[in-house]
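Please read the following report alongside the sequence and the coordinates.

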Amino acid sequence: MQAIQLRGVRTRNLRGFDVSFRLGTWTNVLGVSGSGKTSLCFHTLHALAQHWFLSAMAPAARMLLEEIPHPVLDAAHGLIPTLALEQGQERIGPRMRAMDVAGVDLPLRSLMVACGQAVSPVTGQVLRSWIPAEIADWLIEHCLGVKVQALFPVGKHTAGYWMQRGFTRAVVAGDACELEDPSRELAASDWIVVDRLVAEGKYRQRLGEAMGLCLASGGGRGAVLVMEVTGSRIVEFSDHPRCPESDREVPRATMGALSPNSVQGACPDCAGTGLVEERPCPGCDGHGLGEASRWVRLGGLSMPDMLALSFREMSAWLASSGLLEHPQEAIRQTASELAGRFDCLDRLGLGYLQIGRKAHALSFGEHHRLKLALLTGYPLSGVCYVLDEPSTGLHPSDASRMQEHLKALVGAGNTLVVVEHRLRDLAGDRVVEIGPGPGGEGGDLVFNGDLTEFVKSDSPSAILGRRSLSPSGPVPREFLRLEGATGRNLKGAGLDVALGGVTGV
C-alpha cells in the first residue's frame with residue numbers, strides 16, 4: 001500500500017525514528033503531553049509538505065518558506081498536499097462571527113448580491129428596476145384598453161424650462177393643465193406629460209418610446225397616469241430600485257455593503273462591532289450592519305434576519321429557497337457549496353449555533369469545530385488532513401457523528417492523521433504512539449500498527465485506556481451551590497461544586 005514515509009525524524013525531541021502513514025487511511029497519533037505528537041504531525045509532516053508545495057510556486061510565494069522552520073529528518077517519500085488544524089490561540093476581532101470562522105459568510109453574501117431582491121424596509125414591498133419595454137408590457141397586461149398618460153417629475157426646473165424643450169402639458173395636484181397656464185404654479189412633485197394614448201398591443205412601441213423619454217428626462221424616474229372608470233391613479237416606475245413611499249433610492253447591494261468589516265456595510269454608530277459601551281448598539285440591534293443590509297432580501301430574509309438563525313435553520317431555508325435549482329450554473333454551485341457546509345456543521349454538532357454569534361462568545365470547542373468545518377467542508381480528494389483533537393468540546397453522544405464525518409473524508413480518497421487525547425473517542429485504522437514520557441523522556445516511537453493490535457498491546461496509552469475511572473478520594477460533604485444561572489444560553493441552570501474535591505462537568 002502507498003504511504004507517506006518519513007526517515008530519521010529528529011525534529012525537536014524526536015529521536016531519529018522511521019514512521020509511515022498509509023494513504024487512504026485514518027491514523028491516530030497518541031502520547032502523553034510533551035511526548036512529541038505535535039513535533040511529528042505539525043512540525044515535521046505538515047511543515048515538510050508546505051516546504052515541498054511552496055518550493056514549486058512563484059518566487060513571491062517562496063518567500064513564505066522563510067517563516068516555516070524546516071523539519072529535521074534524513075529523508076521523506078510519498079508526500080501529498082496537507083491541510084492542518086492545530087489547537088492554539090488566535091486573534092479574534094470584535095466583528096468576527098461564527099459564520100466567518102466557518103467560511104459561510106463569503107458564499108452567503110455572494111448569493112445575496114447575485115440573487116437578492118430590493119425590498120423597502122418601510123413598506124415591505126419588492127422594489128425593482130424597469131426598462132421602457134418592460135413598462136409597456138406591464139401596462140398592456142394590467143391596464144388593457146385604458147387611457148394612460150406617460151409622465152416624469154418636474155423636479156427643480158420651471159414650466160418655462162420644460163416648454164423650451166417642447167413639452168406642453170402637466171399634471172398638477174392630480175389635475176391636467178397646460179404648461180403655459182399662468183394660474184398654475186409647478187411644484188417639484190408635479191408631473192410633465194410626454195404622451196397620451198391607450199394601453200393596447202398596437203401601441204406597444206409608442207408606449208416604450210414614451211416611457212424611455214420619461215426615464216431619460218426624469219433622472220431615471222417616470223410614471224403613468226391611469227385614467228380608469230373608477231378614478232385616476234399614478235403608477236411610478238424607475239430604472240433603479242427606489243421606494244416611492246419614502247422617496248429614497250435603494251442602496252446598491254455589494255459584497256462590502258453586507259459586511260461589518262467594510263466601511264460600506266458597517267453600522268456608523270458602532271463601526272460594525274454591534275456594541276456601544278458594552279451594550280447592543282441601538283442603531284443596528286447588535287448585528288453590526290448598516291442600513292444597506294436591510295434593503296435587500298433573499299428568499300424572504302435580509303442579512304440581519306439570517307444572523308438571528310442557527311446553522312440548521314439556515315440549511316432548511318436554503319433547501320426551500322430554490323437556489324439549488326437556479327437556472328444559472330454558478331448560482332447552483334455556490335448554493336450547493338453552502339448546503340454542503342451547513343451539512344458539515346450539523347454533522348460536527350454545531351447545527352444549534354446562531355450564525356451571527358460573536359466569535360469571542362464561542363466556547364473553545366465550538367471555535368475549534370467551526371475551524372474544522374472550514375477545513376473539511378469542501379469536497380476535496382487526495383489530500384492529507386492533519387487534525388489536532390477534532391472531538392474537542394463534543395459531548396460523548398456527539399462523538400459518533402464526528403467519527404462518521406471523518407470516515408467520510410477517508411471515503412472520499414483522503415488521508416487522516418489525527419492527534420487524539422481522549423482514548424474513548426479512538427477510531428480509524430491505525431495508531432502511532434510517541435513516548436513513553438514527556439520532554440526528554442519522550443520522542444521515541446512506542447507503537448506503530450493497526451488499531452486492533454493497539455488495543456491489545458502493552459503501550460502506555462493502551463494500558464491507560466483499559467483502566468476504569470474511580471473516585472479520587474472520600475465522598476464530599478460540602479458544596480458550593482449555584483442557582484438560576486442565565487448567562488448566554490443558560491436557562492436557570494444550577495450547579496453543585498464539591499468543596500475539597502474534583503467536580504467533572
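The report covers a small sheet, a helix, a strand residue and a surface patch.

This is a predicted model in which local features need pLDDT of at least 70, side-chain atom pairs count only at pLDDT 80 or more, and totals for chains, interfaces and linings use all residues. Residues are numbered from 1 along each chain as its sequence is written, and side-chain values use heavy atoms, with hydrogens and water left out.

Three strands (DSSP runs of E, at least two residues) form an open antiparallel sheet in the order β7-β6-β18, where pairing requires at least two DSSP bridges. Because β7 (126-127) and β18 (296-297) each have a single partner strand, they stand at the edges, and one side of each is left without a neighbour in the sheet. β6 (residues 117-119) is joined to β18 by 2 bridges, and A118 has V296 as its bridge partner in β18.

In helix α5 (residues 132-142; helices are DSSP runs of H or I, at least four residues), I135, A136, W138, L139 and I140 are buried, and these buried residues pack against α7 (204-217), β12 (221-228) and β13 (231-238).

Two residues are set side by side below, with buried meaning under 20% relative accessible area, exposed over 50%, and partly exposed in between (1.4 Å probe, protein chains only).

| Residue | Relative accessible area | State |
|---|---|---|
| T415 | 2% | buried |
| V505 | 97% | exposed |

T415 lies in strand β20 (residues 415-419), and its side chain reaches the backbone nitrogen of G24 at 2.8 Å. V505, in the segment after β24 (493-498), helps to make a nonpolar surface patch of about 510 Å² together with L480, L482, L495 and L499; such patches consist of residues with over 30% relative accessible area and no salt bridge, nonpolar side chains being joined within 5 Å and like charges within 9 Å. A salt bridge here is a side-chain nitrogen of Lys or Arg within 4 Å of a carboxyl oxygen of Asp or Glu.

Conventions
Contact means heavy atoms within 4.5 Å. Accessible areas come from the Shrake-Rupley method with a 1.4 Å probe; for residues, only the protein chains shown count as cover. A polar contact is a pair of N or O atoms within 3.5 Å; within protein, one must be able to donate a hydrogen and the other to accept it, and residues adjacent in sequence count only if both atoms are side-chain atoms.
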